[in-house]
Amino acid sequence: MKTILTGVRANEEPTIGNFLGAYMPMINLAHKHATDCNINMFVPDLHSFTTPIDHSKLYAQVIKGIKYYMAAGLDTDNPNVHIYRQSHVPAHSELAWILDCFTPFGEASRMTQFKEKSEEHHDAITVGLFNYPILMAADILLYDAEYIPLGEDQFQHLELTRNIAMRMNNKFETELFTIPAPEKEQVAFMGLDKGLRIRSLTEPTKKMSKSSNNEKSKISLNDDPAEAKKKIMSATTDSEGVIHFDMQKQPGVSNLLMIEALINNKPLEEVIAQFDGQTRYGDLKKQVAESVSNFLTSFQAKVASISDEDVENVLEKGEAYANEVANKKLYEIQKQVGVRK
Ligand code: AMP
């Protein structure tokens with residue numbers, strides 16, 4: 001049985017970018033492949049402090065992150081659905097060390113996310129931040145995952161994962177690792193024609209980032225729906241004066257059109273057809289503001305209905321499964337590298 005796997009870090013409040021770019025593709029795939037794939041949705045909590053955070057909040061944030069998966073519609077009664085924390089499956093960290101030793105420094109140094117984040121956090125560039133994609137490779141390779149629903153920003157890390165896996169398979173002349181599908185296949189598997197990138201509301205040439213200090217740039221999943229409406233109404237657009245879907249020339253309005261389509265599960269073409277050629281940007285903003293506010297109201301009510309106990313039950317089951325699968329894989333790898341007979 002094939003494995004589909006994804007994770008969203010829990011240190012900052014996820015945004016609708018995370019929701020539309022990672023949660024929804026995963027949930028849709030989980031419905032579509034409910035009986036023929038393993039669906040691993042985990043919280044990469046060890047990835048949460050590659051840049052400085054308030055550690056006293058992390059535990060609760062992780063539990064909330066899992067409530068978000070459940071509220072988004074992941075069917076936890078399905079025996080093929082596995083929800084777990086990275087930190088509670090020690091094989092992840094152990095494999096990351098082994099993979100480190102098969103990753104050329106130069107190749108890891110080319111990761112653009114590291115470059116961007118080191119600029120943002122230039123006073124706190126840690127080895128952990130540098131190592132981020134190698135731990136991510138371990139997250140994927142331990143479970144022989146083939147499909148990893150990701151936003152566009154993570155494809156370079158996926159390529160690195162593939163390279164490490166191919167290099168080790170060649171070196172040890174075995175099929176030790178399943179090679180995750182390349183970007184094009186991943187995107188097609190998600191039913192898209194290219195990776196998704198929801199843009200910042202204030203600087204629409206950039207992605208909406210949950211770590212941005214500018215609250216107006218993002219809609220977080222715990223935003224007050226009325227505040228979220230205001231953010232959409234004041235989103236940066238352009239001075240073209242006519243609405244067209246064109247990410248290059250009109251990234252602001254195109255982003256709003258995309259949010260409107262994705263959040264309502266409507267085809268993008270339908271939303272474009274409704275607004276294309278119109279001159280009143282305010283009408284588009286009003287409709288998107290309404291959609292986002294309705295979404296937040298209903299999503300937040302679902303989150304509130306899930307108890308900590310519900311989460312604990314799901315984790316107990318998921319972590320027992322994940323440890324069994326991951327340890328088995330780790331043993332095989334340890335044999336190959338010569339530390340186990
Ligand atoms: P992170 O926010 O780095 O923890 O990313 C978690 C997941 O959300 C990854 O699959 C990202 O590719 C996805 N993601 C993050 N931001 C966006 C965005 N603005 N648009 C689409 N997907 C995103």
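This briefing walks through the nonpolar core, two helix crossings, the surroundings of helix H3 and one buried serine. The structure is a predicted model, so please read everything below in that light. Its largest nonpolar core holds 108 residues, and helix H3 (residues 91-100) is a handy place to start exploring how the helices pack.

**Nonpolar core**
- Within the 108-residue core, the members touching the most other members are Phe19, Leu74, Ile83, Leu95, Leu99, Val292 and Phe299.
- Leu74 is in contact with Ile27, Ala30, Ile39, Met41, Tyr69, Val81 and Ile83, once neighbours within four places in sequence are set aside.

**Helix H3 and its cover**
- Seven of the ten residues in H3 are buried, leaving this helix mostly covered.
- Those buried residues are Ala91, His92, Leu95, Ala96, Ile98, Leu99 and Asp100.
- Their cover includes strand S3 (81-85), along with the helices H6, H7 (155-172) and H13 (308-337).
- Leu95 and Leu99, both on the list of buried H3 residues, also appear among the core members that touch the most others.

**H3 against H6**
- H3 meets helix H6 (residues 127-141) with axes that come within 8 Å and cross at roughly 120°.
- This crossing of H3 and H6 is right-handed.
- On the H3 side, the contact uses His92, Ser93, Leu95, Ala96, Leu99 and Asp100.
- On the H6 side, the partners are Asn131, Ile134, Leu135, Ala137, Ala138, Asp139 and Leu141.
- By residue class, the contact of H3 with H6 has eight nonpolar, three polar and two charged members.

**H2 against H12**
- Helix H2 (residues 55-71) and helix H12 (residues 281-304) also cross at roughly 120°, and their axes come within 9 Å.
- The crossing of H2 and H12 is right-handed.
- H2 contributes Lys67, Tyr68 and Ala71, while H12 contributes Phe299, Lys302 and Val303.
- This contact of H2 with H12 contains four nonpolar residues, no polar ones and two charged ones.
- Phe299, on the H12 side of this contact, is one of the core residues that touch the most other members.

**Ser200 in its loop**
- Ser200 lies in the loop between helix H8 (183-189) and helix H9 (225-233).
- With a relative accessible area of 5%, Ser200 counts as buried because that value is under the 20% cut-off.
- The Ser200 side chain reaches two backbone nitrogens: that of Thr202 at 3.1 Å and that of Glu203 at 2.9 Å.
- Beyond residues up to four places away in sequence, Ser200 touches Lys206, Lys207, Met208, Ser217 and Asn255.

Technical notes: Residues are numbered from 1 along each chain as its sequence is written. This is a predicted model: local features need pLDDT of at least 70, side-chain atom pairs count only at pLDDT 80 or more; totals for chains, interfaces and linings use all residues. Side-chain values use heavy atoms; hydrogens and water are left out. A nonpolar core is a set of buried Ala, Val, Leu, Ile, Met, Phe, Trp, Tyr and Cys residues joined through side-chain atoms within 4.5 Å. Buried means under 20% relative accessible area, exposed over 50%, partly exposed in between (1.4 Å probe, protein chains only). Contact means heavy atoms within 4.5 Å. Axes are lines fitted to C-alpha atoms, for helices over the stretch in contact, and angles run from 0 to 180 degrees between N-to-C directions. Helices (H or I, at least four residues) and strands (E, at least two) are DSSP runs, numbered from the N terminus. A crossing is left-handed if the near helix is turned anticlockwise from the far one by less than a right angle, and right-handed if clockwise. Ala, Val, Leu, Ile, Met, Phe, Trp, Tyr, Cys and Pro count as nonpolar, Asp, Glu, Lys and Arg as charged, and the others, Gly among them, as polar. A polar contact is a pair of N or O atoms within 3.5 Å; within protein, one must be able to donate a hydrogen and the other to accept it, and residues adjacent in sequence count only if both atoms are side-chain atoms.
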